[in-house]
Every structure is written in structure tokens, then in C-alpha cells.
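I opened my notebook for a new structure. I wanted to start with its surface and then work inward.

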Amino acid sequence: MLFNEYGEKDKPTLLAMHGMLQKSSTIYEILKPLAKDFRLIIPTMDGMYPNSPTFTSFAEQCRKIEEYIKQNYNGKIHGVYGVSQGATVLSELLARNNLDIETAVLDGVYVAHQGKIAAWYGVKMYNMIKKNGGKFPKSMDFVMSLMGLGEEDYEMFTCMNFTDVSEESLKNNFYENYTYRANPDLKNTDTKVYLWCGSKEPYAKKSHNILKRYIQNYEEKIFEGLGHGQLLLRNQDKICSLLRGILDKFFLEENN
């Protein structure tokens with residue numbers, strides 16, 4: 001796992017976790033205005049960069065994040081934002097409860113079990129798209145519809161990494177993603193959790209219902225008219241404003 005950091009080190013920390021097979025540079029380009037007021041920490045998951053260790057599991061990614069934050073920030077992080085698969089990994093990080101995380105935002109989290117067939121199909125589609133130079137097959141239209149996305153949203157997938165992912169990391173990533181189930185140890189977290197998704201995201205909304213069985217301290221917000229990833233990838237000003245508002249609110253409450 002690689003860690004890139006931006007902003008002054010004495011500022012409040014914000015860890016941002018990228019989506020499935022996504023270039024970490026994408027999330028930085030969107031959230032970089034926050035580096036003026038926060039120490040922005042962006043990890044790149046295993047399997048997503050040249051000469052990377054093979055991706056194995058979400059738990060292993062969490063272990064590496066825990067190790068890094070303990071070594072560099074005494075195990076404490078002010079805010080964590082995770083989008084898509086990054087949100088799912090974040091749910092596991094919260095369940096492990098090995099870091100002091102004050103606030104966490106899960107944007108488009110998927111913990112609704114979809115199964116090995118979905119994983120197999122995902123690997124097949126990824127390799128087909130890669131072989132076709134980024135062109136999506138017509139059969140992807142149905143998958144896109146399940147995420148609340150249409151043909152006009154295919155351009156959003158240009159942020160995916162089609163060059164550095166080994167076949168082993170690819171398969172491990174897809175199978176972990178589509179067979180992962182919410183960790184019941186989430187009931188032990190004291191972190192204030194924000195559950196975000198678009199109104200067009202059926203799996204994310206189903207995932208919220210699962211997570212709400214375990215998380216004690218949460219706020220849910222459904223963004224009308226948005227599909228998977230659109231809050232981040234199409235609304236830079238809004239996502240930065242929302243995250244800033246959550247973190248500023250926390251520091252205001254902490255100091256009163």
C-alpha cells in the first residue's frame with residue numbers, strides 16, 4: 001500500500017479512500033481544495049500501482065492503514081471518507097476498532113452480498129473493457145442501471161486503473177468486493193458515522209439498512225437524483241463543502 005499526503009502536517013487529518021480499481025490520483029484531484037485546511041492522507045490499495053504487493057483482502061488493507069496511522073499519527077485520525085469500495089473497506093476498518101477515528105463518511109457503501117457469480121462477471125467485463133481499449137460492451141448497460149447510472153456516465157470510468165492491476169489482484173479484489181458481508185463488530189465502534197448514497201443506488205440503500213443494525217451513532221443522507229459515485233465525481237464543490245462542514249462541526253462541538 002502506498003500513502004500520499006498533502007497539506008500541513010499539524011492540520012486536522014482526513015484520510016480519503018478511493019473506489020474499486022480506481023486511480024488514487026482521481027480522489028486527490030477532487031478533494032485537493034481540502035488540503036488547505038486539513039492534512040489529506042490518500043492511500044493506494046495493494047494491486048493498484050506498479051510493483052505493488054498482490055491484493056488479498058479488505059482486512060489486510062485495514063491492517064496496513066492501521067500500522068501507518070499508528071506509526072505516523074499515534075493511531076488517531078480526525079476524519080475518514082471512503083467512496084464505493086473505499087467505503088466498504090472503511091466499514092471493516094471501523095469494525096476492527098484499532099484506530100481512534102472521530103468521524104467517518106461512507107459514500108456509496110456496498111455490504112449487501114452479491115455473490116461469486118457477480119464477481120466472475122466483473123472480472124470478465126474488466127478484462128473485456130481493457131482488451132477493447134476502454135470501450136464498454138452493451139451488456140454493461142444493465143449493470144450501470146443497477147448503480148443508477150446511464151450511458152452518459154461511462155466517462156466516469158476513465159478513472160479506473162487498466163494498466164497496473166495483475167490478474168491475481170483483479171480476481172482477489174472482485175471476489176472480496178462481491179462476497180464481503182458487514183462485520184458485526186461494527187457494534188463496538190464509537191465513531192460518528194455518516195451514511196451517504198444517491199437515491200438511484202438500490203444496493204447502497206440496502207447496505208445502509210444492514211449497517212444500521214450494528215452502528216449505534218449514525219446519520220443517513222440520501223442525495224436525490226444521484227447514482228453511484230456521482231456525488232464525488234460530478235460535484236467537486238459540493239463534496240468538499242459537505243466534508244468540510246462535517247469536520248468543522250466536529251471541531252466546534254469538541255471545543256465547546
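Accessible areas come from the Shrake-Rupley method with a 1.4 Å probe. I looked up that value for the protein chain: about 11600 Å² is exposed, and carbon and sulfur atoms supply 48% of it. I noted that the model is predicted.

Next, overall form. The C-alpha trace spans about 55 × 40 × 35 Å along its principal axes. I checked the radius of gyration. The protein chain has 17 Å, which agrees with a compact globule, because 256 residues in such a globule would give a value near 18 Å.

Then the inside. Buried residues make up 55% of the 256 residues; buried here means under 20% relative accessible area. I also looked at contacts with a separation of 6 or more. Residues 24 or more positions apart account for 79% of them.

Secondary structure came next. I found 9 helices and 7 strands in the protein chain.

How are the strands of the sheet ordered? The order is E1-E3-E2-E4-E5-E6-E7, in an open sheet with mixed pairing. Strand E1 (2-6) and strand E7 (218-223) are the edges, and each pairs on one side only. On average, neighbouring strands are turned by 20° against each other, direction ignored.

I zoomed in on one pair. Strand E2 (residues 13-17) and strand E3 (residues 39-44) run parallel, joined by 3 bridges. Leu 15 has Ile 41 in E3 as its bridge partner.

Last, two helices. Helix H2 (residues 58-73) packs on the sheet and touches E1, E2, E3 and E4. The direction of H2 makes about 45° with that of E1. Helix H1 (residues 24-31) lies across E1, E2, E3 and strand E4 (76-83). H1 runs at about 160° to E3.

Definitions and conventions. Residues are numbered from 1 along each chain as its sequence is written. This is a predicted model: local features need pLDDT of at least 70, side-chain atom pairs count only at pLDDT 80 or more; totals for chains, interfaces and linings use all residues. Side-chain values use heavy atoms; hydrogens and water are left out. Two strands pair if DSSP finds at least two bridges between them. Helices (H or I, at least four residues) and strands (E, at least two) are DSSP runs, numbered from the N terminus. Axes are lines fitted to C-alpha atoms, for helices over the stretch in contact, and angles run from 0 to 180 degrees between N-to-C directions. Contact means heavy atoms within 4.5 Å. The radius of gyration is taken over C-alpha atoms; the globule rule is 2.2 Å times the number of residues to the power 0.38. Buried means under 20% relative accessible area, exposed over 50%, partly exposed in between (1.4 Å probe, protein chains only).
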